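Colleague: Before we discuss any detail, could you put the model in front of us and take me through its helices, charges and packing?

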Amino acid sequence: MQALSRAGIVRSTAGQVGGYSLTRPAAEISALEVVRAIDGTEPAYRCTEIRQRGPLALPAERCERPCAIARAMAAAEEAWALALGEVTVADLAARIDADSDGTAMAAVGRWLTTR
């Protein structure tokens, strides 16, 4: 929650009935924002340029363009980010509720009010 707070996605409220609340409507917060707030923005794949090492190493001037593996990983990361960017927190809540035949959000509400 601290990472989400630092990213400005949630704010904390102190006190006996305190907790966290969203800073914007759930329909305006993408899943990508949440993931990046928690995991950071560094790419998942980091090229170590293996083409320039080992017995069949290529000279640096032959490695100006990213290799096929790096290009594939970059494309996958871009697709992942685009997909998560299109889904909002509100979408996720609605889908979770639909997956539970409409019981999930009510159960969360009951749980929250009994705490």
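Modeller: Helices (H or I, at least four residues) and strands (E, at least two) are DSSP runs, numbered from the N terminus. This is a predicted model, in which local features need pLDDT of at least 70 and side-chain atom pairs count only at pLDDT 80 or more, while totals for chains, interfaces and linings use all residues. Residues are numbered from 1 along each chain as its sequence is written, and side-chain values use heavy atoms, with hydrogens and water left out.

Colleague: Where is Asp101 found, and what is its phi near?

Modeller: Asp101 is found in the loop between H4 and H5. At 73% relative accessibility Asp101 counts as exposed, where exposed means over 50% relative accessible area, buried under 20% and partly exposed in between (1.4 Å probe, protein chains only). Most residues other than glycine have a negative phi. Asp101, however, takes a positive value, near 60°.

Colleague: Which side chain of opposite charge is nearest to Asp97?

Modeller: Asp97 lies in helix H4, residues 89–99, and although buried it has no salt bridge (a side-chain nitrogen of Lys or Arg within 4 Å of a carboxyl oxygen of Asp or Glu). Setting aside neighbours within four places in sequence, Asp97 is in contact (heavy atoms within 4.5 Å) with Gly102, Thr103, Ala104 and Met105. For charge, Lys and Arg count as positive and Asp and Glu as negative, with His and the chain ends not counted. On that basis the nearest side chain of opposite charge, 9.2 Å away, is that of Arg110.

Colleague: How many salt bridges does the structure hold?

Modeller: Side chains of opposite charge can pair when their charged atoms come close. One such pair is Glu33 with Arg24, at 2.6 Å from N to O, and both partners are partly exposed because the relative accessible area is 29% for Glu33 and 29% for Arg24. Arg51 forms a salt bridge with Glu49, the closest N and O atoms being 2.6 Å apart. The number held by the structure is 2.

Colleague: In which loop does Glu49 lie?

Modeller: Glu49 is not a glycine, yet it has a positive phi of about 50°. The loop that holds Glu49 is the one between helix H2 (31–39) and helix H3 (68–85).

Colleague: How far apart in space are Ala31 and Arg51, C-alpha to C-alpha?

Modeller: Ala31 lies in helix H2 and is buried because its relative accessible area is 8%. Not counting residues up to four places away in sequence, Ala31 touches Leu84, Val87, Thr88 and Leu92. Ala31 and Arg51 are 20 residues apart in sequence, and their C-alpha separation in space is 35 Å.

Colleague: Which helices are included in what covers the buried residues of H2?

Modeller: The buried residues of H2 are Ala31, Leu32 and Ala37. Ala37 also belongs to the largest nonpolar core, together with Leu4, Ile9, Val10 and Ile29; such a core is a set of buried Ala, Val, Leu, Ile, Met, Phe, Trp, Tyr and Cys residues joined through side-chain atoms within 4.5 Å. Beyond four places in sequence, Ala37 is in contact with Ala3, Leu4, Ala7 and Ile9. The cover over the buried residues of H2 includes helix H1 (2–6), H3 and H4.

Colleague: Just after H2, what phi does Gly40 take?

Modeller: Gly40 comes just after H2, and its phi is positive. The value is about 90°.
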